[in-house]
Amino acid sequence: MADINAYEGPAEAGFGDYVALLKPRVMSLVVFTAFVGLWIAPQPVNPFVAFCAVLFIALGGGASGALNMWYDADIDAVMRRTAGRPVPSGRVTSGEALAVGIALSGLSVMMLGLAANWFAAGFLAFTIFFYAVVYTIWLKRSTPQNIVIGGAAGAFPPMIGWACATGGIGIESLLMFALIFFWTPPHFWALALFMKDDYSKAGVPMLTVTHGRRVTRCHIFAYTLVLAPFAIWLGFTSVGGPLYLAVSAVLNVLFIAGGWQILRRDENQAQADGYRVEKRYFRLSLYYTFLHFLALLVQHWIGGW
């Protein structure tokens with residue numbers, strides 16, 4: 001007689017699996033940049049309203065993550081980095097992920113409109129649509145510019161935060177957008193360099209797959225040069241100041257130097273040391289955005305120009 005205890009199917013989903021469905025690590029950057037955009041805006045916001053606004057922006061970011069995992073389950077199952085996610089591992093069904101994504105999308109947009117203003121709510125709705133449809137469903141599988149154009153979705157949160165406070169858009173929020181937008185490609189391309197064949201096996205036309213690693217290295221360095229002026233320019237606006245400028249100058253020198261090191265290397269050198277330089281650059285890119293926005297927050301607290 002078969003042992004009924006010997007059955008091993010997909011583990012039942014727990015609370016942590018539904019949290020993972022919302023991509024909490026990505027959401028943390030969304031929450032932080034949205035909070036900074038809201039807090040440094042020229043119009044003061046009631047702390048409770050600010051808390052609610054950031055919470056609903058976070059839920060919108062989580063909704064985008066759930067919709068992304070719903071559609072990308074086939075890709076995630078192939079890639080080592082994502083195979084353990086809730087949907088490809090079978091702990092959460094595709095239908096559940098879709099339902100969570102749609103429900104949170106509607107809830108977050110409606111509640112942000114009630115808590116802050118409907119311009120910010122509309123902006124959040126557009127951001128969810130852009131990430132779930134324009135990037136995930138269309139760009140990701142069709143063009144090596146996927147991460148370039150699609151990166152706009154991750155750059156909108158500080159603009160949404162700013163819009164929660166002001167009801168509109170300013171040059172400061174546009175520059176915060178530009179900082180994240182031009183940072184995103186070198187950040188992900190550095191990852192693609194040492195992820196080796198994951199993207200090609202999954203059929204994702206990442207730049208490393210379609211144009212090769214040499215071209216990718218050139219693009220990384222080029223984007224660090226494009227990024228730096230926007231990051232520095234932000235320091236001369238109403239939200240900037242000497243502290244932010246000093247932090248930004250140091251970070252951009254390090255980022256450009258790292259991009260130059262990546263440009264000068266070939267694949268034989270990279271494989272010989274286990275992609276040490278590329279991995280170090282990727283870690284630096286994680287700190288780059290966080291420290292820029294932290295500097296904006298501290299500059300606002302101590303006073304700017």
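**Exercise 1. Work out whether threonine 237 is buried or exposed, and what surrounds it.**

Step 1: threonine 237 has 9% relative accessibility, so it counts as buried (under 20% is buried, over 50% exposed, in between partly exposed, with a 1.4 Å probe and protein chains only). A quick word on the source: this is a predicted model, where local features need pLDDT of at least 70, side-chain atom pairs count only at pLDDT 80 or more, and totals for chains, interfaces and linings use all residues. Residues are numbered from 1 along each chain as its sequence is written, and side-chain values use heavy atoms, leaving out hydrogens and water.

Step 2: find threonine 237 in the loop between helix 13 (212-234) and helix 14 (242-264). Helices here are DSSP runs of H or I, at least four residues, numbered from the N terminus.

Step 3: look for partners beyond four places in sequence, and you get Glu172, Leu175 and Trp305 in contact with threonine 237 (heavy atoms within 4.5 Å).

**Exercise 2. Find out how far you can trust the model along the chain.**

Step 1: the chain averages a pLDDT of 92, and 95% of the residues score at least 70. pLDDT is the predictor's confidence in each residue, from 0 to 100.

Step 2: now check residues 1-9, where pLDDT stays under 50 and the model has 0 contacts beyond four places in sequence. Where pLDDT is low, don't read the predicted coordinates in detail.

**Exercise 3. Check the span of helix 3 (residues 47-71).**

Step 1: take 1.5 Å times one less than the number of residues.

Step 2: for the 25 residues of helix 3 that should give 36 Å, and the end C-alpha atoms are 36 Å apart, so the two agree.

**Exercise 4. Classify the ring pair of phenylalanine 32 and phenylalanine 290.**

Step 1: rings of Phe, Tyr and Trp (its six-membered ring) pair if their centres lie within 6.5 Å; planes under 30 degrees apart are stacked, over 60 edge-to-face, the rest tilted. That rule gives 20 aromatic pairs.

Step 2: here the centres are 5.1 Å apart and the planes sit at 35 degrees, so the pair is tilted.

Step 3: place the partners: phenylalanine 32 is in helix 2 (residues 24-39) and phenylalanine 290 in helix 16 (residues 276-302), 258 residues apart.

Step 4: compare burial. Phenylalanine 32 is buried at 18%, while phenylalanine 290, at 37%, is partly exposed.

Note on methods:
Helices (H or I, at least four residues) and strands (E, at least two) are DSSP runs, numbered from the N terminus.
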